[in-house]
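Please open the model in your viewer and keep the selection tool at hand. The stops below follow one another, each with something to select and a note on what is there.

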Amino acid sequence: MNKLGNNLKITVFSLIGLAVLGSTIAVLKLTAPKEEAPEEPDVPAVSDETVFTRLTADDVISVSVKNQKDEYTVSADANGGFIVNELNDLGLNIPLNGSLLTNLASNVAELSSKLTVEENAGDLDKYGLLSPSAQVRAQFADGTSIAFCVGIEAPAPMTVYFRLEGENKVYTVSSYKLNPFLNDKYYWIEKRLTEEYDPQTAPIISRVTINRADLDEPMLIEALPEVPLEETRTFNTHKLVSPVSVELDQEKARFVVYGMYGLTALEAVSVGFSESFYETVGLDEPFCEVQVRSGGKLFELKIGLPAVEKSEDGVDTLKGWFGICSEVPDVLYLFEPSALPWVYAVPEDLMAEMFLTPYIYSLDRLIIETESARLEFTITGDANGGDILLNGEKLTDDRRLKDLYQYLVGAKGEWIFMEESKSEFIARIVYKYKDSGFPDDTVEYYTADDRKSVVRLNGENIFKCRDLYTTRLVDNIDAFLSGGDIIQNW
């Protein structure tokens with residue numbers, strides 16, 4: 001088996017097992033176990049509504065947050081939006097999610113409670129308010145302010161305990177309003193790194209290069225040249241040119257080709273990195289590097305170590321992969337596995353089953369050879385007119401050639417086969433294109449010993465197909481020469 005075949009036996013998860021040996025990943029704030037909440041307080045409740053603030057996000061000057069993960073301040077900026085001071089002061093390219101920050105400001109600007117739990121609580125600890133989950137202070141444009149503490153979850157659905165700073169009166173407030181204050185400063189970083197692909201306006205993705213630790217050669221994908229509709233030679237849009245040369249199935253390869261557009265991370269992990277930090281997350285020697293060229297733009301993505309999470313029963317599960325994208329080079333992200341098709345892609349999964357489907361009128365010549373026959377067709381004109389010559393003589397009826405051609409391009413690669421083989425020649429089909437920009441395509445069939453035939457594309461073994469196809473192929477070529485019926489089924 002060739003190098004590619006050997007490497008395809010290597011699973012990504014074997015790499016994961018090695019990577020997890022690194023002891024420094026845990027410092028990157030992977031989810032920590034939640035502390036057990038104290039026993040729910042059993043106290044009388046008074047039903048009323050208390051309004052703490054009744055303003056809008058436009059009235060917010062700053063919101064200072066201190067929680068069990070982080071401490072930071074969100075401030076209004078001159079453009080009517082909000083910044084995170086500690087991130088802004090770094091002077092790096094750190095895009096923030098404006099909608100989330102505006103929502104945070106709105107939550108603190110319009111805050112109320114529908115339930116007073118205890119007027120003068122002697123034991124704040126049972127509410128989680130002695131060592132609160134978050135302490136928040138907000139300043140407003142009218143000179144007023146509010147400071148409050150966020151406690152543990154309350155028995156009432158979707159509520160948490162709450163008190164104003166310096167007071168012992170305990171309320172419940174909607175968790176929707178208060179949960180945002182439990183996040184660290186990295187939560188407010190934009191997680192969508194690139195825009196969605198718009199086929200109406202976006203340029204063609206001309207090249208995708210995947211360098212990966214488990215591959216001896218990079219996977220290189222290139223766009224097939226665009227031709228006028230009447231000269232269409234294939235319905236596929238891209239072709240794998242390394243480590244083998246074969247068209248890609250448009251649907252199977254869609255996420256690999258277009259996945260860089262709309263790329264979205266699970267979370268932002270850190271910003272600004274030292275050399276030692278790169279080693280910590282595996283970006284000094286990335287497991288996978290992806291380059292996508294679209295028009296004049298080059299997207300680059302480096303994927304380092306996997307992040308593994310241990311469940312309560314002690315089982316390790318893959319949470320994602322650490323990575324950095326050229327669009328936001330100053331932010332380290334954690335990506336879900338499903339967002340990174342390049343980590344798992346192998347040529348077998350992307351190849352088109354109907355591996356070569358040129359339009360007959362895109363051809364200048366078609367050469368068909370068997371052990372006993374050689375047919376050379378010259379094709380002039382197009383579907384609207386022109387002649388087809390067989391071995392130099394004009395065909396009076398091209399319908400039968402089209403029937404034979406339909407059978408030729410209906411060939412399927414049913415099994416991947418990239419090994420060397422010693423077998424007997426069955427047939428050869430050579431497609432020579434009118435457009436000099438297209439190199440010739442040659443499909444050859446050879447015998448195998450398992451009721452299958454080897455399919456060799458442009459000099460390389462790529463697939464196997466059933467003997468039934470190649471037996472019918474030879475029969476159909478003979479039938480074409482003798483005037484017999486050309487049968488499509490096999």
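Begin by selecting strand β19 (residues 363–370) together with β24, which pair in the antiparallel sense over seven bridges; helices (H or I, at least four residues) and strands (E, at least two) are DSSP runs, numbered from the N terminus, and two strands pair if DSSP finds at least two bridges between them. Within this pairing, I368 has I429 of β24 as its bridge partner.

This is a predicted model, in which local features need pLDDT of at least 70 and side-chain atom pairs count only at pLDDT 80 or more, while totals for chains, interfaces and linings use all residues. Residues are numbered from 1 along each chain as its sequence is written, and side-chain values use heavy atoms, with hydrogens and water left out.

Now keep β24 (residues 425–433) selected: eight of its nine residues are buried, so this strand is largely enclosed by the rest of the structure. Here buried means under 20% relative accessible area, exposed over 50%, and partly exposed in between, with a 1.4 Å probe and protein chains only. Add strand β25 (residues 441–447), which pairs with β24 in the antiparallel sense over six bridges, and find F425, which stands opposite Y446 in β25.

Widen the selection to the open sheet around these strands, where nine strands follow the order β22-β21-β20-β19-β24-β25-β26-β27-β23 with antiparallel pairing. Its edge strands are β22 (393–394) and β23 (415–416), each of which pairs on one side only. At the β23 edge, strand β27 (residues 460–466) pairs with β23 in the antiparallel sense over two bridges, and W415 stands opposite K464 in β27.

Next, show the helices that lie across these strands. Helix α10 (residues 399–409) lies across β19, β20 (374–379), β21 (388–390) and β24, running at about 75 degrees to β19. Helix α11 (residues 467–482) lies across several strands, including β25, β26 (452–457) and β27, and runs at about 85 degrees to β27. Contact means heavy atoms within 4.5 Å, and the axes behind these angles are lines fitted to C-alpha atoms, for helices over the stretch in contact, with angles from 0 to 180 degrees between N-to-C directions.

Which aromatic rings should be selected next? Rings of Phe, Tyr and Trp (its six-membered ring) pair if their centres lie within 6.5 Å, with planes under 30 degrees apart counted as stacked, over 60 as edge-to-face and the rest as tilted. By this rule the count comes to 22 aromatic pairs. Select F52 and F162, whose ring centres are 4.8 Å apart with planes at 35 degrees, so the pair is tilted. Because F52 lies in strand β1 (residues 46–54) and F162 in strand β8 (residues 159–164), the pair ties together parts that are 110 residues apart in sequence. Both F52 and F162 are buried, and with F148, Y171 and F181 they form one aromatic cluster.

For the last stop, select Y469 and W490, whose ring centres are 5.2 Å apart with planes at 75 degrees, so this pair is edge-to-face. The pair links distant parts of the chain, with Y469 in helix α11 and W490 in the segment after α11, 21 residues apart. Y469 counts as buried at 2% relative accessibility, whereas W490, with a relative accessible area of 31%, is partly exposed.
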